[in-house]
Amino acid sequence: MAWISALLSVGRSGGVTQVGADLRALLSWPMLWREPTPTQDGERGHVVVKPRAAWFVQGRAADLDPVTVAYERQGTGEAVVLLHGLGCHRQAWDAVVPLLTGRREIIAMDLPGFGQSPDLDRGVPRDLETAVAWLGSVFTALGVERPHVVGHSLGGLIALRLGQAGLARSVTALAPAGFWTPAERRYAYALLTAAHQGVRLLPDRALEALADTAAARAVLTGTLYGQASLCPPHAVASALRMLRDSAAFQATLRAGRAPHLFAGDIPDVPVTIAWGTRDRLLPPKQAARAQAMIPGARLVPLPDCGHVPMLDAPELLARVILQATAPQPTRRMATDER
């Protein structure tokens, strides 16, 4: 799962019912349906986040239809691939990328059916083994051999599987999906489904009005971010729009119900597992399960961060990534990052 990014709050009661109540209250606000107020500069409160130009690359794994992904590539140094979570896109890393490009070559990509990447063809299964196969072929097409891979939530789970397959030089997994109990998975799925269904009700005008309102942002970002006040309106609007329009959202959730999403160890690849101490979607106690399964992994708590730490603490996250992707002889195996 995970991934994702569902931009709805659990509410003070901490339950899915509160999410629905909060959403209904927000949708009832007259401001959401009022025509924009003209000003000299145009329409007040109109938030526009235009998609950036992307490159496209096609991977061709054996016995599979080709898979096309959108990506951006910048910086210098060893290659680091960034994989986003469910219902998200490559722009989720925007606050972190500028802090990395002076020392690493960064390749941020949209997974199929998210962002600007077309969804998988019917002939491509949506299981993790297949994802590893076509991502390996994408790495080959990009001319990168065993890049460092950093993944968040769904992307973190995929990154761990890439490490198992020997396709990653190092793995950094931020709150990776798949280390839940059945009850925890049902809870996370209920939140994500409520978020996705709720945002689907919003036309662009209402979505932009929500993103431009501090109270609404607090509700919409409470589950994902530890410090919702740090989320700028344009980032919230972009995330809401991406959650609403993700073609692969439901199919990816269904695929995440498979048992044993991760099993075994990753003995020959440096692994860093980072988890926000205020993650309300995938509670940080799941980090201990991940480390128990991968005993050589370095566990890094992210103080005051929620499920999506990229906006909560981009400087801290950049330090974690730079340390995790440092050349092997100088990598310091710490147990914490401050």
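Q: Which strand does Arg298 lie in?
A: We're looking at a predicted model, where local features need pLDDT of at least 70, side-chain atom pairs count only at pLDDT 80 or more, and totals for chains, interfaces and linings use all residues. Numbering runs from 1 along each chain as its sequence is written, and side-chain values use heavy atoms, with hydrogens and water left out. Strands here are DSSP runs (E, at least two residues; helices are H or I, at least four), numbered from the N terminus. Residues 298–302 form one such strand, and Arg298 lies in it: β10.

Q: Is Arg298 buried or exposed?
A: The cut-offs are under 20% relative accessible area for buried and over 50% for exposed, with partly exposed in between (1.4 Å probe, protein chains only). Arg298 comes out at 5%, so the call is buried.

Q: Which side chain does that of Arg298 join in a polar contact of 3.4 Å?
A: A polar contact is a pair of N or O atoms within 3.5 Å; within protein, one must be able to donate a hydrogen and the other to accept it, and residues adjacent in sequence count only if both atoms are side-chain atoms. For Arg298, the partner at 3.4 Å is Thr272.

Q: How many of the residues of helix α11 are buried?
A: Helix α11 spans residues 314–324 and is mostly covered. Its buried residues include Pro314, Leu317 and Ile321, and the buried set packs against β10, among other elements (contact: heavy atoms within 4.5 Å). Of the 11 residues in α11, the buried count is nine.
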